[in-house]
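Colleague: I should be grateful for a close look at a single part of this structure, described strand by strand. Please begin with one strand pair and work outwards from there.

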Amino acid sequence: MANSLYITATEPNSGKSAITLGLMQMLKRHVHRVAFFHPIIYSTDTARQDHDVELILRQFDLKIPYEDTYACVYEEARALITQGKSSVLIEKIIHKYKQLEANYDFVLCQGTDYLGKNAAFQFELNAEIATNLNMPIALVISGHGKNADEIRASARTSMELLTARQQEVSCVFVNRVTLSPEEREQCKSVLCNEFSCPAVPIYMIEDEPLLGKPTLANIQKSMNAKIIYGENSLDVPVQDYVVAAMQAGHFLDHLKNGLLVVTPGDRSDIVLAALASRLSPAYPNVSGILLTGGLDLATSILSLTCGWTGAPVPLLSVPENTYEALQALTRIQNTITIAPGDTRKINTAIALFERNVDGDVLAPRLINHRSSRMTPMMFEFKLLEQARRHRMRIVLPEGAEERILKAAEALCQREVAEIILLGDEQAIRRKIDEMGLMLPEVRIVEPEKSPLYEEYVQEYHKLRKSKGITLDDARDRMADATYFATMMVYKDAADGMVSGSINTTAHTIRPAFEIIKTKANASIVSSVFLMCLKDRVLVFGDCAVNPNPTAAQLADIAVSSAHTARVFGIEPRVAMLSYSTGGSGKGADVDVVIEATKLAREHAPDLALDGPLQYDAAIDPEVARTKAPKSPVAGRATVFIFPDLNTGNNTYKAVQRAADAIAIGPVLQGLNRPVNDLSRGCTVPDIINTVAITAIQAQAEKGLITLE
């Protein structure tokens, strides 16, 4: 997995692009393959690349296809958020980011720009993106025009907001600082004390006026202006602009160094006066002239201008009227830009960064960073991503249920699995059409009309005749979609089954017990829930199947749950839960957990497992230091084994509600082939996740996943 860093600012005009340049320059010295990612861009013009993306790609000669550097444009993102589809937006961003992560050693991500949009909304959006990409943040705070108290207040507020979200901040850049050197050092010292530096290193970077002013090249590109004269002189910074609507004599009284003169294209007198001012030591030097209204200069004036080599003042022309041109200029002035190819600004920005930031200290901190954070959306994305790697055949016996059909469409579109629906084909096709779904390639099987029906009847009779099952009984069973689907899995016509959206748990699981049966090394079928908390994923077992497991069964559940954790990329550290930690409590219930812990260690001696542990000692490092200081699991457990169904079921639901966690499951374990049960109140996303889980279990059964 690549290292990464997410650069986000707290407000407009922070000089974020300059910080990005400095960080990229630093990383390129230490990392071989560095990628750049800008999740949301503003430009919808395919002929013109996003400014920041183009700047970084060109400056550092990054061989990344432009379309791989962003996920969507701002208007699309805003529409998704307005429609309540933020999760779709985040998923798009994660998907594009993961493509870069797989091919590069480090991904430097630059957050969205402000451009006059709501600052609080933008900050929240960037924090949400960084959290779901599992990226530490480089926080950029503007110090421009602020005193020390204002800078500290801004930094404190931003850090409190990110801390409340449990977002990790790797470094803080207070940029464009206008304090004196002494005030700067004092302010930094106070901030370092507040943020426990070097835990969060803080860098104060002084303001450089050159970086805060657009050049004529910036203006020409942003406004797509026509260059009439002075193509080689566009690197001049523009300090301000003046609208020339008065007579030339009065206009000259308003000139200042570095002004851009804005005037209609038919004002030849203003053009001549501005050019003449460059020849006189009595007047300041203007930066250039912007002609508005799409009006052409008189031919004679144009000839005079182009031949006036002693006064190299660039002339630009735009079709917009003067008012519209002023609005465009204001937008440009309010957005500090460093144009691709603007070597003066680029070199200034990098030099400023290197003068204030010790790259040899910061780079290893960023490059060696490893995070164990895992948000629910990240985990769900990983499920779908893993399922897509080897598309498995998953049969859904409740083929006419609307939620199943909606989930099937999404699963097929996203290529998560090959879906097989069971039921009346004509009725299902009709419902698909009525619902407006796109499922042209989905396979639909009617059990009693299937050429496999008689074979399955004979097979079921063979398996169950010792239990008194007759051929007629077998035919009745195989006419049932759940039994038929289970037999498909048993006979390798499908890789896994998901049911339960309209059927009971017993009806879903009973055929599996009868046909698929338990693994040779498993004494019991059990279940786990994958509990997606805000920053990690835990495994809870058994919370759905076994009411009062014996010590041997608890040990089996622990080992099976550890295996399930590995299948889903979770490092298993197993806590055998009880109301006692170690020998602090006595009783028969504690003795069962003590015995189960002993048996589990015998079955899996290399597994990180400990018990009995109370829940707080298992999950909280502070409590663990007091209650179980020598435990290899306490305070860092990832797999929690509850002593009975009453405790487990209530605990998972309490955590789900109190911690606003997502509970994925139950995931059945211990069967020879993957079968999973849905809740009858399940949602479409629940079905999608369960199918993905079943597909991944099937991959593991077939040896397509390497487990550490």
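In what sense do strand S18 and strand S19 pair, and over how many bridges?

Modeller: In this predicted model, strand S18, residues 526-532, and strand S19, residues 537-541, run antiparallel to one another and are joined over 5 bridges. One of the positions in this pairing is Val528, whose bridge partner in S19 is Gly541.

The pair belongs to an open sheet of 6 strands, ordered S21-S20-S22-S19-S18-S23, in which the pairing is mixed. At its edges are strand S21 (608-613) and strand S23 (662-669), each of which pairs on one side only. Between neighbouring strands of this sheet the average turn is 20 degrees, with direction ignored.

On its other side, S18 meets S23. These two strands also pair in the antiparallel sense, over 6 bridges, and Ser527 is found opposite Leu668 of S23. Although S23 is an edge strand, 6 of its 8 residues are buried, so that the strand is mostly covered, where buried means under 20% relative accessible area.

Two helices should be considered together with these strands. Helix H26, residues 645-658, packs on the sheet and touches S18, S19 and S23. The direction of H26 makes about 15 degrees with that of S18. Helix H27, residues 684-701, lies across S18 and S23, and runs at about 40 degrees to S23. S18 and S23 are thus in the description of both helices: H26 touches them, and H27 lies across them.

For context, there is also an open sheet of 5 strands, with the order S16-S15-S14-S17-S24 and parallel pairing. Strand S16 (443-445) and strand S24 (675-677) each have a single partner strand, so one side of each is left without a neighbour in the sheet. Neighbouring strands here are turned against each other by 25 degrees on average, direction again ignored. At the S24 edge, strand S17 (residues 496-499) pairs with S24 in the parallel sense over 3 bridges, with Ser499 opposite Asp677 of S24. Helix H20, residues 481-490, packs on this sheet, where its contacts are strand S14 (393-396), strand S15 (418-422), S16 and S17. The direction of H20 makes about 160 degrees with that of S17.

To return to the part you asked about, S18 pairs in the antiparallel sense with S19 over 5 bridges and with S23 over 6 bridges.

Key:
Residues are numbered from 1 along each chain as its sequence is written. This is a predicted model: local features need pLDDT of at least 70, side-chain atom pairs count only at pLDDT 80 or more; totals for chains, interfaces and linings use all residues. Side-chain values use heavy atoms; hydrogens and water are left out. Two strands pair if DSSP finds at least two bridges between them. Helices (H or I, at least four residues) and strands (E, at least two) are DSSP runs, numbered from the N terminus. Axes are lines fitted to C-alpha atoms, for helices over the stretch in contact, and angles run from 0 to 180 degrees between N-to-C directions. Contact means heavy atoms within 4.5 Å. Buried means under 20% relative accessible area, exposed over 50%, partly exposed in between (1.4 Å probe, protein chains only).
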